[in-house]
Amino acid sequence: MTAFRIAALVAATLTTGLIAGLFYAYANSVMPALNRTDDRAMIDVMQKINVVIINPVFMIGFMGTVAFSVLAAALHLGKEHRTTLIWVAVALVLNIIAFAVTSGMNVPLNDQLAAAGDPASIVDLAQVRADFESAWVRWNIVRAVFHTLAFLALIGALFVAGMQHARSTAAVAGASVGSAPGRFVAQQAPQQGTQSQVPGQFSAPHAHNQYSAQFGAPAYRQA
């Protein structure tokens, strides 16, 4: 169960990081580059990007930001995982907000751009671009920020989960070592000479008795 719990947390962190990086790349390189092109080139390229990006790899990552966060939160329910759950819950809320921005703002703008038709036949290219570009860039930055914050929260959750697991392992190991100290002492205790039950007699240690018997040494008794 522990391995499955950590795997879900890693999956949520990975997908969130990938999508945050994708939107960061849009904000940092793709859109500034397109901003330097003419109206027809900008519209044409964005229409093509919006088509090719709908693929299984992107969809698993995009949907996984919320789905894996929900799974990780569900697997960390319980008093012993409360601290980790708080971090995961924060990340989940941030991912949901970013997901809502994409679905409610960027996707409708993409659909609006696609509905404008072939750039070669658009009459007012400048107006179509103006209606799309500035708003899309603005909302892309917003969702990138929220996904990045969610990614940081999930890193915090992984750190806390690792610390909790290490403490639990150390506690179990300590309990195992201290479970039978008497047995260890008994095995290590040296054999000592014992006082004879007969008054005035002393029984030597075992090693001394063997030495005396081997060389025929006389046994002495105290009167």
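1. Is Ile 155 buried, partly exposed or exposed in this structure? In this model, which is predicted, Ile 155 is partly exposed, since its relative accessible area is 37%, a value that falls between the 20% limit for buried residues and the 50% limit for exposed ones. The residue is found in helix 5, which runs over residues 125-177, and it belongs to a nonpolar patch on the surface that also contains Ile 141, Val 145, Leu 149 and Leu 152. Taken together, the five residues of this patch have about 410 Å² of accessible area.

2. For a reader new to the structure, the overall layout may be a useful place to continue. The chain contains seven helices and two strands, and reading along the sequence gives the order α-α-α-α-α-α-β-β-α, with the two strands placed between the sixth helix and the last one. Of the 223 residues in the chain, 31% are buried. The surface that the chain exposes comes to about 13900 Å², and carbon and sulfur atoms supply 68% of that area.

3. The contacts deserve a point of their own. If one takes the contacts between residues that are at least 6 apart in sequence, 78% of them join residues that are at least 24 apart.

4. Helix 1, which covers residues 2-35, can be checked for its span. With 34 residues at 1.5 Å a residue, the expected length is 50 Å, and the C-alpha atoms at its ends are 48 Å apart, which agrees with that expectation. The helix nevertheless has a kink of about 40 degrees, and this kink is centred on Tyr 26.

5. His 147 also lies in helix 5, but it is a buried residue, with a relative accessible area of 0%. Leaving aside residues up to four places away in sequence, His 147 touches Thr 16, Ile 19, Ala 20 and Phe 23, and it likewise touches Thr 65, Asn 95, Ala 98 and Phe 99.

6. The count of salt bridges comes to three. In one of them the side chains of Asp 39 and Arg 129 meet, with a distance of 3.0 Å from N to O. Because Asp 39 lies in helix 2 (residues 39-52) and Arg 129 in helix 5, this pair ties together parts that are 90 residues apart in sequence. Asp 39 counts as partly exposed at 25% relative accessibility, whereas Arg 129 is buried, with a relative accessible area of 8%.

7. Arg 129 also meets the side chain of Glu 133 in a salt bridge, where the distance from N to O is 2.8 Å. These two residues are four residues apart in helix 5, and so they are separated by about one helical turn. Glu 133 counts as buried, at 11% relative accessibility. Through shared partners, the salt bridges join Asp 39, Arg 129 and Glu 133 into one network.

8. A further salt bridge is formed by the side chains of Lys 48 and Asp 44, at 2.6 Å from N to O. Lys 48 and Asp 44 are four residues apart in helix 2, which places about one helical turn between them. In an α-helix there are 3.6 residues a turn, so residues three or four places apart point the same way. Both partners count as partly exposed, Lys 48 at 48% relative accessibility and Asp 44 at 26%.

How values were computed. Residues are numbered from 1 along each chain as its sequence is written. This is a predicted model: local features need pLDDT of at least 70, side-chain atom pairs count only at pLDDT 80 or more; totals for chains, interfaces and linings use all residues. Side-chain values use heavy atoms; hydrogens and water are left out. Buried means under 20% relative accessible area, exposed over 50%, partly exposed in between (1.4 Å probe, protein chains only). Contact means heavy atoms within 4.5 Å. Accessible areas come from the Shrake-Rupley method with a 1.4 Å probe; for residues, only the protein chains shown count as cover. Patches are made of residues with over 30% relative accessible area and no salt bridge: like charges are joined within 9 Å, nonpolar side chains (Val, Leu, Ile, Met, Phe, Trp, Tyr) within 5 Å. A salt bridge is a side-chain nitrogen of Lys or Arg within 4 Å of a carboxyl oxygen of Asp or Glu. The expected span of a helix is 1.5 Å times one less than its number of residues. The bend at a residue is the angle between axes fitted to the seven residues ending there and the seven starting there.
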